[in-house]
Structures are given as C-alpha cells and as structure tokens.
Amino acid sequence: MSRFDSKVVAITGGGGGIGVAFTKRFAQEGAHVVVLDATESIVAAGVQAVEGRATGIVVDVGDETSVDNAFAQIQRRHGRLDVLVCGAGVKSMGRVAEHDLAVWKRCIDINLTGLFLCNRAASRMMLAQGGGAIVNIASVNGVRACEGMAAYNASKAGVISLTQTLACELAPMNVRVNAILPAQVETPMTAEQVGAERARREERIPMGRYGKPHEIAAAAAYLASDDASFVTGHCLATDGGYLAFGFRPQTYI
Ligand SMILES: NC(=O)c1ccc[n+]([C@@H]2O[C@H](COP(=O)([O-])OP(=O)(O)OC[C@H]3O[C@@H](n4cnc5c(N)ncnc54)[C@H](O)[C@@H]3O)[C@@H](O)[C@H]2O)c1
C-alpha cells in the first residue's frame, strides 16, 4: 500500500516505542516523516529506523515556543503538512488524595497541553492548505479509571474531548481529527510490568495479551488515510477488547 505517497507526516514521540512503529508504517506507505521528539538521540532513533525517508526536529511539546518553531520549520522545509500523529506522552503515577501538584502539572503539560499546542499549530497549516488529518493517541485510561494514575487518566480524557471538539471545528474545512485508545502495548512505557503484574493486566484484556506497536500504527495509518474519508471525531479503541469487557463469571446461569 502507498496511501501516503508524497505526503508529509509529522509524528510527535516519533522516536518512542509506538512512535517508531508509526514512523516505519507511514514511511513504508510512501510518506516523508518528520520525527518530532524530545532529544537528539531519540529523534535519531526514529529517523534511522527509516533511512532516507525521515528527517527530525527536537521539540518539547509542552513548550509553546518550541512547538511553534518546530511547525514553522516543517513549513519552511516542506511547505505543507498532510498528517499529524500525536504520540508524545509520559506515564505518571499518583492517587488523587496524595498527588503532588508538580507531578500532576508535568503530566498535563506534556500529555494534554502539549498535544493541544501541536494540534493548534498543525490545524493552522492544514487550514491554510485546505485539508489534512490529525490522529491523537489517547488511551483506554481516558474512559476507564486505572487507580493510581490520576493525572495520566485525566490527561487522556482531555485528549479525547479535545479531539472531538477540534474534529467538529475543522470538519467543514476538510481536516479530520480522530483518536486512538490503546490498552497496554509492549513498549518502554510498560516494560516494568512483568510476572504476576503483567498476567493480571493480560487477564483484563479479552484477547489475553498486550498489543504490539505495529498494531497501533496500522490503526493510525487507517485513520490518517483516505480510507477513513468519512471518519472524524472518532475514538478507535485498539485494545484487544479491553473497553468491551465487563465481567467474566465463573459459571453461566
Ligand atoms: N505503551 C502503552 O501501553 C500505551 C497505552 C496507551 C496509550 N499509550 C500512549 O501512546 C503514546 C506513546 O507511548 P509509548 O508507549 O510509545 O511510550 P514511550 O515512552 O516509548 O514514547 C513516548 C515518547 O514521547 C516522547 N516525549 C515525552 N515527553 C516529550 C516532550 N515533552 N516533548 C517531546 N516528546 C516527548 C518521548 O521522548 C518518547 O519518545 C503515549 O501518548 C502513551 O500515553 C501507550
């Protein structure tokens, strides 16, 4: 498939666990990928994964000037932006009653405000050129509470709401905005979930396993492509059935 031939696709967190899979998938389908990530070495990891089909820019998504400069650079280098995938994010732990405010703010600044800043910058470019597609990476945690992850859950609920709002605002202007809700995926973010802890989490997923980064990338490529030309404001659970699951009885009465 080459659904992104001659398209420019920017990926925040493009050097991370799921991000590299995004970078590979869009490059395989013909895109030139702009890897946006936090450090030179992480950006290089994304760019090197698809030799010759990507360039990189170091950005702090939580910083307005850094984000605006990065998108201005994309405009200068490529003159357009067809797709933005927002995958940059951090995990954050803390129960509400004991939550440290600085920890809360860091998570919201990166996961929600950072995504807002990137969506805003991309929207401006896409409006000016007459179209585009944005895919935001939320999480099942945005709709089902995972205890002890107050800020992360709230940030991802915010991403879902922002996605729906922006989708409605931009729908008449040929810009589609959708979100993906992964459950556990095998990346550095979940690497410490091993043994009994991992088994407990897998039990909660009807398919009985963690997702692979390439499975999330396939969903992102679909939502960004013309195959999803009538899809906007949608939250695509890519979760092995996690959100469908209610309760598994021991006996059937
Ligand atoms: N791994 C999972 O189980 C899982 C599940 C649901 C949702 N997600 C979401 O998927 C996305 C990717 O997660 P991942 O598992 O690949 O994690 P990861 O830690 O491997 O990748 C996250 C990337 O975001 C980048 N990043 C963090 N802060 C940044 C900043 N201020 N500016 C620019 N870049 C920054 C990191 O450098 C990293 O490359 C995240 O938004 C995460 O919340 C992951």
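How many bridges join strand β6 to β7? There are 4, and the two strands run parallel. This is a predicted model. Strand β6 covers residues 175-182. One bridge partner pair is known by name: P182 pairs with T238 of β7.

**The sheet**

β6 and β7 belong to an open sheet of 7 strands. The order is β3-β2-β1-β4-β5-β6-β7, with parallel pairing. β3 and β7 stand at the edges with a single partner strand each, so one side of each has no neighbour in the sheet. On average, neighbouring strands are turned by 20 degrees against each other, direction ignored.

Helix α5 lies across β5, β6 and β7. The helix runs at about 160 degrees to β6.

The elements named in this part of the fold span these residues:

| Element | Residues |
|---|---|
| β3 | residues 54-58 |
| β5 | residues 132-137 |
| β6 | residues 175-182 |
| β7 | residues 235-238 |
| α5 | residues 150-170 |

**The core**

The largest nonpolar core has 72 residues. V9, V33, V85 and A220 have the most contacts inside it. Helix α4 gives the most to this core, with 10 residues. Leaving aside residues up to four places away in sequence, V9 touches F4, F26, A31, V33, D82, V83 and V85. V33 and V85 thus appear among the contacts of V9.

**The ligand shell**

The ligand has 29 residues around it. G13, G16, G17, G89 and T187 come nearest. Two elements give two or more residues to this shell: α1 (17-28) and α4 (101-129). α1 gives the most, with 3 residues. By class, the shell has 13 nonpolar, 14 polar and 2 charged residues.

Definitions and conventions: Residues numbered from 1 in each chain as written. Predicted model: local features only at pLDDT ≥ 70, side-chain atom pairs only at ≥ 80, totals over all residues. Near = placed C-beta within 6 Å. Nonpolar A, V, L, I, M, F, W, Y, C, P; charged D, E, K, R; others polar. Core = buried A, V, L, I, M, F, W, Y, C linked by C-beta atoms within 7 Å. Buried ≥ 20, exposed ≤ 12 C-beta atoms within 10 Å, placed from the backbone. Contact = placed C-beta atoms within 7 Å. Pairing = 2+ DSSP bridges. Axes fitted to C-alpha atoms, helices over the stretch in contact; angles between N-to-C directions.
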